[in-house]
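Work through the exercises below with the sequence and the structure in view. Each task sentence is followed by a solution that goes step by step.

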Amino acid sequence: MRYSYVLDSKKHKYVPDFLIEFDTGEFVLYEVKSDVEASSAHFKREFEAKRSAAEQLGITLELIEESHIRIKPFLKNLKLIN
């Protein structure tokens with residue numbers, strides 16, 4: 001899915017990382033970023049513009065940060081399997 005958003009009076013195109021459809025029929029867009037990227041002031045402004053544009057389309061945009069998906073016990077187990 002691709003949509004446009006406006007930031008600093010300029011129109012930008014955006015393609016989220018994932019589009020998920022839940023059993024309820026609800027669609028949610030996800031953006032995945034590293035903790036460092038997600039904490040920058042520029043990214044926060046840009047993400048809010050993207051989120052606002054998604055809401056205008058009737059869909060939710062959520063941010064997933066690296067620390068949400070990198071859980072150390074899982075990575076240790078993955079190293080053992082590898």
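**Exercise 1: Tyr 14 and its aromatic partners**

Tyr 14 counts as buried, at 5% relative accessibility. The structure is a predicted model, and the exercises should be read with that in mind.

Task: Decide how the rings of Tyr 5 and Tyr 14 are arranged towards each other.

Solution. Begin with the distance: the ring centres of Tyr 5 and Tyr 14 are 6.3 Å apart, and rings pair if their centres lie within 6.5 Å. Next take the angle, for the planes of these two rings stand at 85°, so the pair is edge-to-face, since planes over 60 degrees apart fall into that class. Finally look at the surroundings of Tyr 5, which is buried with a relative accessible area of 4%.

Task: Work out which other ring belongs to this group, and how many aromatic pairs there are by the pairing rule.

Solution. The count of aromatic pairs comes to three. One of them joins Tyr 3 and Tyr 14, whose ring centres are 5.4 Å apart and whose planes are at 80°, so that this pair too is edge-to-face. Now place the two residues along the chain: Tyr 3 belongs to strand E1 (residues 3–7) and Tyr 14 to strand E2 (residues 10–14), so the pair ties together parts that are 11 residues apart in sequence. Tyr 3 is buried as well, with a relative accessible area of 5%. Putting the steps together, Tyr 3, Tyr 5 and Tyr 14 form one aromatic cluster.

**Exercise 2: Around Tyr 5**

Task: Find which residue of helix H2 has a side chain that makes a polar contact with Tyr 5.

Solution. The residue is Glu 46, which has its place in helix H2 (residues 41–56). Its side chain and that of Tyr 5 are joined by a polar contact of 3.1 Å. When neighbours within four places in sequence are left aside, Glu 46 is in contact with Tyr 5 and Leu 7. As for its accessibility, Glu 46 has a value of 19% and therefore counts as buried, the limit being under 20%.

Task: Is Lys 11 buried or exposed, and which residues does it touch?

Solution. Lys 11 is found in strand E2. With a relative accessible area of 67%, Lys 11 is exposed. Not counting residues up to four places away in sequence, Lys 11 touches Ser 4, Tyr 5 and Val 6.

**Exercise 3: The surface and the whole chain**

Task: Name the residues that make the nonpolar surface patch of about 380 Å².

Solution. The patch is made by Met 1, Leu 19, Phe 27 and Leu 57. Of these, consider Leu 19, whose place is in strand E3 (residues 18–21). Leu 19 is partly exposed, with a relative accessible area of 42%.

Task: Describe the protein chain by its elements, its burial and its contacts.

Solution. The secondary structure comes to four helices and five strands, and from the N terminus on the elements run β-β-β-β-α-α-β-α-α. Buried residues make up 23% of the 82 residues in the chain. Among contacts with a separation of 6 or more, residues 24 or more positions apart account for 50%. The chain exposes about 6,300 Å², of which carbon and sulfur atoms supply 54%.

Note on methods:
Residues numbered from 1 in each chain as written. Predicted model: local features only at pLDDT ≥ 70, side-chain atom pairs only at ≥ 80, totals over all residues. Heavy atoms only, no water. Phe/Tyr/Trp six-rings, centres within 6.5 Å; stacked < 30°, edge-to-face > 60°. Buried < 20%, exposed > 50% of the residue type's maximum accessible area, 1.4 Å probe, protein only. Polar contact = N/O pair within 3.5 Å; in protein donor to acceptor, adjacent residues only side chain to side chain. Contact = heavy atoms within 4.5 Å. Patch = residues over 30% accessible without salt bridge, like charges linked within 9 Å, V, L, I, M, F, W, Y side chains within 5 Å. Areas by Shrake-Rupley, 256 points an atom, 1.4 Å probe, with all protein chains shown as cover. Salt bridge = Lys/Arg side-chain N within 4 Å of Asp/Glu carboxyl O.
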